[in-house]
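This report is meant for a reader who is meeting the structure for the first time. It moves from charged pairs to an aromatic pair, then to a helix and a buried acidic residue.

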Amino acid sequence: MPGARNLGVISKMPTIPVKYPPPEDWPKFQRLCQRVLQRLWHSENVEIYGRAGQRQHGVDLLDVSGTRPLRAGQCKLYDASKALSDRDIRAEVEQAETFPVELDFYLIMTTAQMSTESQLAVLAINREHKEKGLFEVGLMGWGAINDFLNENCDVAEEFYGGLSPYSAELIDS
């Protein structure tokens, strides 16, 4: 179609959401979580915390920018057909409570599904933490990570490849 390049046809077309499969290996999932948090927290300073064999206090990712709030993340590669239990969430949070620097926000990112049980567990923990003056806890399941990937095609392309709306827009320009 003559002149289609100037009309921005590709960038104006609606996109169909992709259902991305969770990564099967731990390092790839951890790197994906790092990129998600760098974008969500507007900080390139979100780093993988420590290495295998070191005590990490339930923290896999840490914003080392030195700014407040101090944010940390935990990556849980779980069966995508299941949800985290109250016990699983509390175990991770208890580890993070031993972190050597006072955290302000702790996000558990998982390939598991969200459930009412897991959401109520986070709510209960946050109420307890508020009374004790401890950090806030968040939970991000695979559905929310998948939504993020559909909204941030450059990150999706980095981990899943293929022709995304992002790369199509680059070709079009």
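With which residue does E128 form a salt bridge, and how far apart are the closest N and O atoms? In this predicted model, E128 pairs with R90, and the closest N and O atoms are 3.1 Å apart. Because E128 lies in helix α5 and R90 in helix α4, the pair ties together parts that are 38 residues apart in sequence. R90 also forms a salt bridge with D86, and these two residues, four apart in helix α4, are separated by about one helical turn. Salt bridges that share partners thus join D86, R90 and E128 into one network.

The structure holds seven salt bridges, including the three listed here.

| Salt bridge | Closest N and O atoms |
|---|---|
| E92 and K76 | 3.0 Å |
| D86 and R90 | 3.3 Å |
| E128 and R90 | 3.1 Å |

The pair of E92 and K76 links distant parts of the chain, with E92 in helix α4 (residues 86-96) and K76 in strand β3 (residues 71-76), 16 residues apart. E92 counts as buried at 11% relative accessibility, and K76 counts as buried at 17%. In the network, by contrast, D86 is partly exposed at 26%, R90 is partly exposed at 23%, and E128 is partly exposed at 31%.

A search of the whole structure finds four aromatic pairs. In one of them, the rings of Y106 and F135 have their centres 5.8 Å apart and their planes at 65°, so the pair is edge-to-face. Y106 belongs to strand β4 (residues 105-110), while F135 sits in the loop between α5 (116-132) and β5 (136-140), so this pair ties together parts 29 residues apart in sequence. Y106 counts as buried at 0% relative accessibility, as does F135 at 6%.

Helix α3 (residues 26-40) has 15 residues and reaches 21 Å from its first C-alpha to its last, close to the 21 Å expected. At its N-terminal end D25 acts as a cap, with a side-chain oxygen 3.0 Å from the backbone nitrogen of K28, and the helix is followed by H42, whose phi is positive, near 50°. Among the buried residues of α3 are F29, Q30 and L32.

Q30 is also one of the residues touched by D60, which is found in the loop between β1 (46-48) and β2 (61-63). D60 is buried yet has no salt bridge, the nearest side chain of opposite charge, K76, being 6.5 Å away. The side chain of D60 does, however, reach the backbone nitrogen of C75 at 2.9 Å.

Key
Residues numbered from 1 in each chain as written. Predicted model: local features only at pLDDT ≥ 70, side-chain atom pairs only at ≥ 80, totals over all residues. Heavy atoms only, no water. Expected span 1.5 Å × (residues − 1). Buried < 20%, exposed > 50% of the residue type's maximum accessible area, 1.4 Å probe, protein only. Polar contact = N/O pair within 3.5 Å; in protein donor to acceptor, adjacent residues only side chain to side chain. Lys, Arg positive; Asp, Glu negative; His and termini not counted. Salt bridge = Lys/Arg side-chain N within 4 Å of Asp/Glu carboxyl O. Contact = heavy atoms within 4.5 Å. Phe/Tyr/Trp six-rings, centres within 6.5 Å; stacked < 30°, edge-to-face > 60°. Lists of a residue's contacts leave out its neighbours within four places in sequence.
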